[in-house]
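I opened this notebook to keep track of what I looked up, entry by entry, for someone who has not seen the structure before.

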2 protein chains.
Amino acid sequence: MRSPSEENYIQQLSIDCVIFGYHDKQLKVLVPKLVFKGDFCALPGGFIYQEEDIDIAAHRILQQRTGISEIYLEQFFTFGNATRNSLEFINRLIDLNSDKLTSEGHHRREYDWFTRRFVSIGYYALVDINKVVPQKTDLDESIEWYNINDLPEMIIDHNAIVAKALETLRQNLDEKLIAFNLLPETFTMREVQELYETIFDKPFARNNFQKMILDLNVLERLEKKFTGAANKAPYLYRFRK
Amino acid sequence: MRSPSEENYIQQLSIDCVIFGYHDKQLKVLVPKLVFKGDFCALPGGFIYQEEDIDIAAHRILQQRTGISEIYLEQFFTFGNATRNSLEFINRLIDLNSDKLTSEGHHRREYDWFTRRFVSIGYYALVDINKVVPQKTDLDESIEWYNINDLPEMIIDHNAIVAKALETLRQNLDEKLIAFNLLPETFTMREVQELYETIFDKPFARNNFQKMILDLNVLERLEKKFTGAANKAPYLYRFRK
DNA sequence: TCAAAAGTGTTACCTCTACACCCATGC
DNA sequence: GCATGGGTGTAGAGGTAACACTTTTGA
């Protein structure tokens with residue numbers, strides 16, 4: 001793998017992705033941790049090739065990290081404060097990892113590439129968490145799902161980027177009917193409701209919620225799902241586009 | 001004034017502004033036409049200094065073109081198709097203006113700067129059209145307000161940028177109470193209604209509209225406005241933040 | 001038979017809409 | 001007085017929220 005400074009990327013422009021998943025009544029975000037000492041966490045991100053649409057670049061980055069190609073993806077905001085650079089982060093990283101790194105030749109170019117001020121285009125993705133096998137890059141020590149309320153501290157403004165992504169997700173959820181991207185192929189009405197309650201962090205009345213969702217006319221009712229529990233078996237539903 | 005290629009700008013990143021005004025029951029957009037032969041129109045735009053927030057850059061560009069500094073301004077989308085470059089436009093411009101231009105030295109650098117692929121951050125502004133004195137730059141032959149339904153053909157994807165801006169404006173209008181930025185300091189209820197009808201391109205019932213707007217609790221009722229017409233004088237209102 | 005959870009119905013309430021009416025103004 | 005446009009009131013429609021009830025399931 002070549003270094004960013006050797007690739008034919010647009011300079012000082014990056015893409016950062018907030019990948020939302022849902023499991024166990026928790027909204028989660030996929031966050032890699034870098035191989036370097038110091039517990040540096042950063043959103044999955046990347047750069048844009050000279051001849052590449054930004055949407056395509058975002059898809060490429062997403063596929064790299066999740067292993068799946070059909071992903072719901074939406075641009076939501078572009079972050080461009082002048083202070084958005086990795087200088088502080090990179091210097092601390094070098095300080096803590098001086099054994100592995102030298103600051104000459106090749107590394108010098110990398111340093112110059114990474115420490116400049118970047119403008120970053122934010123995308124959020126909604127994925128079925130069961131279909132994703134998180135993929136590490138060479139630079140990742142690990143990549144994990146974190147509960148959105150329990151995110152690690154991330155570099156630069158990445159925590160703020162997640163906050164803005166969540167805000168946009170809430171605004172778009174009803175209008176664009178995108179919540180189902182977070183669920184598996186089939187699901188019960190209770191699961192939909194719990195997802196909504198998690199995203200909006202508030203309860204919904206069960207009967208009214210069911211009515212509201214069914215009135216959207218986007219769900220197909222399938223057979224019942226027998227769970228073995230001592231109660232009426234719920235129907236399964238499938239989202240139809 | 002120095003040329004863009006000589007300034008310390010971020011490369012391949014630009015800002016384009018859709019400046020909305022309102023007059024005579026028409027929603028208008030401020031569009032400059034370039035000095036060169038060939039009727040080239042382009043949205044007011046510019047570039048971002050290395051040490052400048054993108055919001056500040058947008059304000060700077062706006063102030064340059066409108067002469068006013070307190071402007072309602074909002075980022076709405078970032079346009080980044082790989083085909084977004086001015087190559088075709090610049091070549092046609094040079095063809096048509098070969099008498100004024102040479103392609104050597106200084107101009108060569110300019111050519112290289114302008115013909116690369118650009119990613120552009122879109123902002124829309126809402127201004128009181130009476131307060132604006134449109135300002136030409138060195139490169140503008142003219143700068144004029146165009147009805148949004150009667151825009152000239154603009155370079156690259158600028159017409160599409162306006163369309164997306166209008167879409168966003170409609171979405172944000174009610175929630176963010178920003179329509180009043182398009183009106184003068186004081187206005188009648190009829191003027192507010194006509195503005196809304198223009199933006200949404202549909203009629204509203206007069207009494208219900210009044211109730212809806214007053215229920216927002218953001219207007220202050222002032223004295224009556226006697227127009228000389230043979231009917232009841234309407235109240236003036238002021239928007240209070 | 002019972003508890004738990006799913007499905008459905010019903011009513012009260014609020015909001016939005018359409019219609020109606022009255023008021024001020026200048027001719 | 002009268003035409004014109006502005007301001008306000010009100011009943012009906014439609015939608016939302018709260019409550020109630022029935023059904024299914026396995027222990």
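The entries below go from one chain as a whole to its parts, and then to its partners.

**Entry 1: chain A as a whole**

I note before anything else that I am reading a predicted model. I looked up the make-up of chain A and found six helices and nine strands. The C-alpha trace of chain A spans about 70 × 35 × 30 Å along its principal axes. Of the 241 residues in chain A, 27% are buried. I also checked how far apart in sequence the contacting residues are: among contacts in chain A with a separation of 6 or more, 73% are between residues 24 or more positions apart.

**Entry 2: a sheet in chain A**

I then turned to an open sheet of three strands in chain A, whose order is β7-β9-β8 and whose pairing is antiparallel. β7 and β8 (219-224) of chain A are the edge strands, each of them pairing on one side only. On average, and with direction ignored, neighbouring strands of this sheet are turned by 40° against each other. Looking at one pairing in detail, I found that β7(A) and β9 (residues 235-239) of chain A run antiparallel and are joined by three bridges, and that A:T186 stands opposite A:R238 in β9(A). Helix α5 (residues 189-200) of chain A packs on this sheet, where it touches β7 and β9 of chain A, and its direction makes about 80° with that of β7(A).

**Entry 3: one loop residue, A:N181**

Is A:N181 buried, exposed or partly exposed? I located A:N181 in the loop between α4 (158-176) and β7 (186-188) of chain A. There are 18 other C-beta atoms within 10 Å of A:N181, and since a buried residue needs 20 or more and an exposed one has 12 or fewer, A:N181 is therefore partly exposed. Leaving out residues up to four places away in sequence, I found that A:N181 touches A:Y72, A:L126 and A:V127. I also looked up A:I71, which is 110 residues from A:N181 in sequence, while the two are 8.3 Å apart in space, C-alpha to C-alpha.

**Entry 4: where chain A touches chain B**

The contact takes 17 residues from chain A and 17 residues from chain B. On the side of chain A that touches chain B, the elements giving two or more residues are β1 (9-23), β4 (72-79) and β5 (119-126) of chain A, and β1(A) gives the most, with four residues. Sorted by class, this side of chain A has six nonpolar, seven polar and four charged residues.

**Entry 5: two helices of chain B**

How do α5(B) and α6(B) lie to each other? I read an angle of about 100° between them, with their axes 10 Å apart. Angles from 65 to 115 degrees count as roughly perpendicular, and therefore α5(B) and α6(B) are described in that way. On the α5(B) side I listed B:M189, B:V192 and B:Q193, which meet B:R206, B:F209, B:Q210 and B:I213 in α6(B). The residues of this contact divide into four nonpolar, two polar and one charged.

**Entry 6: the surroundings of DNA strand D**

Last, I asked which residues come nearest to DNA strand D. Of the 20 residues around DNA strand D, those are A:A230, A:K232, B:N207, B:N231 and B:K232. The elements that give two or more residues to this surface are α6 (206-214) of chain A together with α5 (189-200) and α6 (206-215) of chain B. By class, I noted nine nonpolar, seven polar and four charged residues on the surface near DNA strand D.

Key
Residues numbered from 1 in each chain as written. Chains lettered and ligands numbered in written order. Predicted model: local features only at pLDDT ≥ 70, side-chain atom pairs only at ≥ 80, totals over all residues. Near = placed C-beta within 6 Å. Nonpolar A, V, L, I, M, F, W, Y, C, P; charged D, E, K, R; others polar. Contact = placed C-beta atoms within 7 Å. Axes fitted to C-alpha atoms, helices over the stretch in contact; angles between N-to-C directions. Parallel < 35°, antiparallel > 145°, perpendicular 65-115°, else oblique. Pairing = 2+ DSSP bridges.
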